[in-house]
Structures are given as structure tokens and as C-alpha cells.
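Reader: Hello! I am new to this structure and would love a close look at one part of it, with a friendly walk outward from there.

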Amino acid sequence: MADGAIVYLLSLLMVCSEALTAVIQTQQTVLAAVGEDAEFSCQLLDTKDVLQVTWQKISRDVETNVATYNKYFGQRVNDGFTDKVKFKYTGLQNCSIVIRNVTEQDEGCYRCLFNTYPEGAFTGRTCLRVYELHEPVLDVRESNSTEEWVVSCSATGRPAPTVTLSVSQQHLSFSQYNTVSVSNTNATFTVTTTAVLSGSRKHSTQVGCAARVLSAPHREVMETIPDDGSGDGDDDDDDDDDGLDEDFGSKRRNLAIRISVILSSVLLVAFSCVAALIFVHHRTKSHNRNLKINKTSETKIRDSQETEASLFTAEGSEVRNEGAFERNHQDNNLMFSSEAAGRLNFEQC
């Protein structure tokens, strides 16, 4: 009877736990490449009286508090995560954090807890998968046969990447596939896929190699194989004619673009020259006008000075004439006085 009660209580707790986590909207898995940023977000769909949102990291069944956002005290990143974790959006109903520059040590599961009153904590869980994928290396070389090429592509990543070869022309095909995976000392894997490309190439052909890890975006490289010059018949001639038409049309478009660019450049230079000439003309005209005004002013000043000088000379001559007249008059008076005195003395005798 006691065992049945315990089982019932455990079942009830599991149901309550499922009910509490059902109202949280979050990502199940987050993929991030080494060196990138990973974002976790949790949203409480039901309106609750949330006091605090807590983020935890679960590693080997050990729960470590990473950051908290409190209704009264705001956001806080705990010690040991200050350089790694930051809040992107803070809210009591919707909250998100960012893990910067992720590494293998950041891989694991993270939990968000909406601590409410009086219901308790509503929990969401997100797991981070860290992957590594480098640029694939494609190698194309001609085989012993004139209509065969050996295509090899290598990609390094963690976990082991998937390497896929492709070709642009449908009548060409790959055969004799061979894939080798090598484990590296840094926990990455190098996968090399080799195949033989067969078929007659009427035109240049593009060979591609795509590498993918998990469901992350793939990395792809391309290489062009020139045509082998083979192929006879009307179909080939038609294809050649179509290719020539396409080449001619492309060249004509390129020529039109070049002509437009040249004409635009010439017009721009001509406009600049005309603007420069107009500017120089206006400046020269303004300079000449200023010189003319200055010369006129100087002429007026010089005439005024000459007039004043002539007036001053005339006044001086008049003053001199008046002085001479007065001296002559005085001399005459003296002479007259002398004569009168002589006559007076004669009469007295």
C-alpha cells in the first residue's frame, strides 16, 4: 500500500513538472560553430506574476547558476561567466542571453526558470551543440583516359562532416566513389571523398564540393574543367552556335556598359572643365573690375591733390604781389617825404 502511494506521488510530480514546462517556448537545440555566438531565449506563454528569471547550465547533472534577472534588482551575470554571457533581452515574460565565442567547453544544456508566486518555477530547457567546419579543399586532375577526370575533396570538422560532389552537366557522371575518414588529435575528423568523372565535355564544366556538419549551413567550393574539344554532329554545332550567340550577346552587353562608362566619364570631365572656365572667367572679370575701380580712385585722388597744389601756388603768388605793392607804396611815400622836406628847407632860406 505504501509502495503504491509513493508511485502515485511520483507520477503526480511528473505530471506537474510536465504542466509547468509546457507553457515555456524555447529552442530544443541550438547549433553554433566554434568562435560564433549562441543565443538562448525563453518565453512564458501564460501571464504569471514572475519575480525572477534564472539561467542555469547543466553539466554532468550539476546545475550552475549563470545569470539572473530580478524584478527589483535588475540583471546580473554570475562570477565565472561575466566574459562569456550577456543579456540580449531582459523581461519577466520573455528573456534571452548570448554566449559569446563558443568553445567545446560551452557545449551542454541550459535551463531557464521563471520563478513565480505562488505557483513556483516554470522551466524551459535548451541544449547547445558546438560544431566545427573548415573550408573544403577540392582537387581535380586528369586521369589516363582522355574522357575521365579524378575529383577529390577533403573537409575537416567536428563531428565528421559529410562530403558531396556535384557536376554542372547532366550527361557527365561520377563513379568509383571512395570515402576515407581520419580522426585528428584535436577531436576533429578529416573526410576525403574521391570519384571518377566520366563523359564527353562539349563545354567547360563546373565541379563542386559541399561539406556539411549536422544541420548547420554547408560550405561549398567550385572548380572549372575546360572542354576537351570533342564532339561532332548537328547537335554539337547547334550547341556551339548557341554558345557563340551567348558569348556575342555577353560581349555586346559588356561593350555597351564600357561605352556608357566612358561617355559618363567624358561628360563629367567636360562639365568640370566648363565649370572651371566659368569660375576663372568670373574671377578674372571681378579682378579687372576691382583694378579699374582702384585706378579711378587713384586718378581722382591725384587730380584733387594737383588742384589743391595749384590753389596753394596761386594764393602764394597773390600774397607775394600784395607784399611787393605795399613795399613800393612805402618807398614812394618816403621819396615824397624827402622831396617835400627839401622844398621846405629851400623856401625857408
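Reader: Let me start with one residue: is Asp49 buried, partly exposed or exposed?

Author: Happy to help! A word on the source: this is a predicted model, where local features need pLDDT of at least 70, side-chain atom pairs count only at pLDDT 80 or more, and totals for chains, interfaces and linings use all residues. Residues are numbered from 1 along each chain as its sequence is written, and side-chain values use heavy atoms, with hydrogens and water left out.

Now to your residue. Asp49 is partly exposed, with a relative accessible area of 38%. On this scale, buried means under 20% relative accessible area, exposed means over 50%, and partly exposed lies in between, using a 1.4 Å probe and protein chains only.

Asp49 also has a partner: its side chain meets that of Lys71 in a salt bridge, at 3.8 Å from N to O. Lys71 sits in the loop between strand E5 (62-70) and strand E6 (74-77), while Asp49 sits in the loop between E3 and E4, so the pair ties together parts that are 22 residues apart in sequence. The strand names come from DSSP runs, numbered from the N terminus: strands (E) have at least two residues, and helices (H or I) at least four. A salt bridge here is a side-chain nitrogen of Lys or Arg within 4 Å of a carboxyl oxygen of Asp or Glu. Lys71 is partly exposed, at 40% relative accessibility.

The loop that holds Asp49 has another pairing to show you. Lys48 forms a salt bridge with Glu119, and their closest N and O atoms are 3.3 Å apart. Lys48 belongs to the loop between E3 and strand E4 (50-59) and Glu119 to the loop between E9 and E10, so this pair ties together parts that are 71 residues apart in sequence. Lys48 is partly exposed, with a relative accessible area of 24%, and Glu119 is partly exposed too, with 42%. In total, the structure holds 9 salt bridges. One of them joins Arg141 and Asp139, with the closest N and O atoms 3.1 Å apart.

The loop of Glu119 is worth a stop as well. Pro118 is placed there, between strand E9 (108-116) and strand E10 (120-133), and the peptide bond from Tyr117 to Pro118 is cis, with omega near 10°. Most residues other than glycine have a negative phi, and most peptide bonds are trans. A cis bond also joins Arg158 and Pro159, with omega about -5°. Pro159 lies in the loop between strand E12 (148-158) and strand E13 (162-167).

Let us go back to E3, the strand that borders your loop. An open sheet of 4 strands runs in the order E1-E3-E8-E7, with antiparallel pairing. Strand E1 (24-26) and strand E7 (85-89) stand at the edges, each with a single partner strand, so one side of each is left without a neighbour in the sheet. Neighbouring strands of this sheet are turned by 25° against each other on average, direction ignored; axes are lines fitted to C-alpha atoms, for helices over the stretch in contact, and angles run from 0 to 180 degrees between N-to-C directions. E1 and strand E3 (residues 38-44) pair in the antiparallel sense over 3 bridges, where two strands count as paired if DSSP finds at least two bridges between them. Within this pairing, Gln25 has Gln43 in E3 as its bridge partner.
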